[in-house]
Amino acid sequence: MLRIGLTGGIGAGKSTVSSAFSELGGIVVDGDVIAREVVQPGTEGLAALVEAFGSEILLPDGALNRPALAAIAFPDDEKRATLNGIVHPLVGARRAELIEAAPADAVIVEDIPLLVESQMAALFPLVIVVDADQDVRVRRLIEHRGFTEADARARIAAQATEEQRRAVADVWLDNSGTAEELAAAARTLWHDRIVPFADNLRQSTPARALPRLVPADPTWPKQADRIVARLRTACGHHAIRVDHIGSTSVPGLDAKDVVDVQVTVASLDVADELADALLAAGYPKVEGLTADVAHTDDVASWQKRLHASGDPGRPTNVHLRVDGWPNQRFALLFRDWLVADADVRAEYLALKRAVATGEPETTGDYADAKEPWLVEAYRRAWEWADATGWQP
């Protein structure tokens, strides 16, 4: 099952995207629909709201007067927190029921307006944010939903900022154009990324990434932050630490467009126990690759487990290594050495460019071509560590 988190500010156009996904076969679990369902007349949710905010939030027929509730709750931080504290748990429980009833190989699209505010992004293998300029959103709320301008701006101000949404977005869909243009972008995203991702998870197969060197991308660290948060959530207390490593963790260094992350665990047994959780998070196991090239005589201490992303849009390697073993320590040391020493960084870049000119066909070929240099680099890096007092 591939679970997608879909979010965006009020008036941004999430419903257009979720409708497109639904037409293409996705099972949409709509937070707004559920939020209405759990406060219907006769529900515990509506009773709790009346107790908290008074009977003036009811219509004459006993149904919830949503504009009246919004006028009371949204301008006030404390009252808004009370509202969320009542509704969010009920919505979460109902969402879980709907997901449990879905087929095991479904693509679940969870349309969650407050995904960012609720700090839920790390629960999803893929987060899609729909956005539009604030003035555009205000105009839509006035024209299509009957808001006053003051109410529209108050609702927008009470939600996450653009910066906060960008921090969690794996995909950013700009809805400054027409609804037809947004729907077309959603369909392209579905066919080019979501369907291949879902297929890879069904088959427990990582997405293939070509070993091609590309210029340093200043957004790699931000992308890695999202991956690290996702892995911490998936691994829970089993992960001693989770770190962005490899060339994409070194500012300004050209690299393959593959983010490497190291999950430090207490043992390889723990690493094996995490396989299902990592698959659910979007990272199938890479079978047959169980060790790094050893740079010490204790070959057994260079064992590891490797997972890689099923998402073709964000190739990622997840290395599970045992705390204190030489491969775990060297991954951190090598990153820090490159960051600290510009001459070594330039030397390594020259090597990478020389290897890339041979156009290696696989990632393994690319790694093998660098290995002779890395043998000597292992000794040099530890000399630097001893000289500087480096600690992981």
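**Briefing: second largest pocket and nonpolar cores**

By class, 22 nonpolar, twelve polar and eleven charged residues make up the lining of the second largest pocket. The model is predicted, with local features needing pLDDT of at least 70 and side-chain atom pairs pLDDT 80 or more, while totals for chains, interfaces and linings use all residues. Residues are numbered from 1 along each chain as its sequence is written, and side-chain values use heavy atoms, without hydrogens and water.

**The second largest pocket**
- The second largest pocket (an open set of 1 Å grid points where a 1.4 Å probe fits, with protein on both sides within 12 Å along at least five of seven lines; lining residues have an atom within 4 Å of a point) holds about 1300 Å³ of space.
- Of its 45 lining residues, D260, K304, N317, H319 and A367 are the closest to the centre.
- Elements that give two or more residues to this lining are β8 (255-256), β10 (305-308), β11 (316-322), α13 (326-340), α14 (342-357) and α15 (363-388).
- Helix α15 provides the largest share of the lining, eight residues.

**The nonpolar cores**
- The largest nonpolar core (buried nonpolar residues, under 20% relative accessible area with a 1.4 Å probe, joined through side-chain atoms within 4.5 Å) has 26 residues, and L333 and F334 have the most contacts inside it.
- Two or more residues of this core come from each of α13, α14 and α15, and α15 gives the most, with nine.
- Beyond neighbours within four places in sequence, L333 is in contact (heavy atoms within 4.5 Å) with A381, W382, W384, A385 and W390.
- A second, separate core has 22 residues, including A12, V109, L173 and L189.

Notes
Points joined across faces, edges and corners; volume = space filled by probe spheres on them. Helix = DSSP H or I, 4+ residues; strand = E, 2+ residues; numbered from the N terminus. Nonpolar A, V, L, I, M, F, W, Y, C, P; charged D, E, K, R; others polar. Buried < 20%, exposed > 50% of the residue type's maximum accessible area, 1.4 Å probe, protein only.
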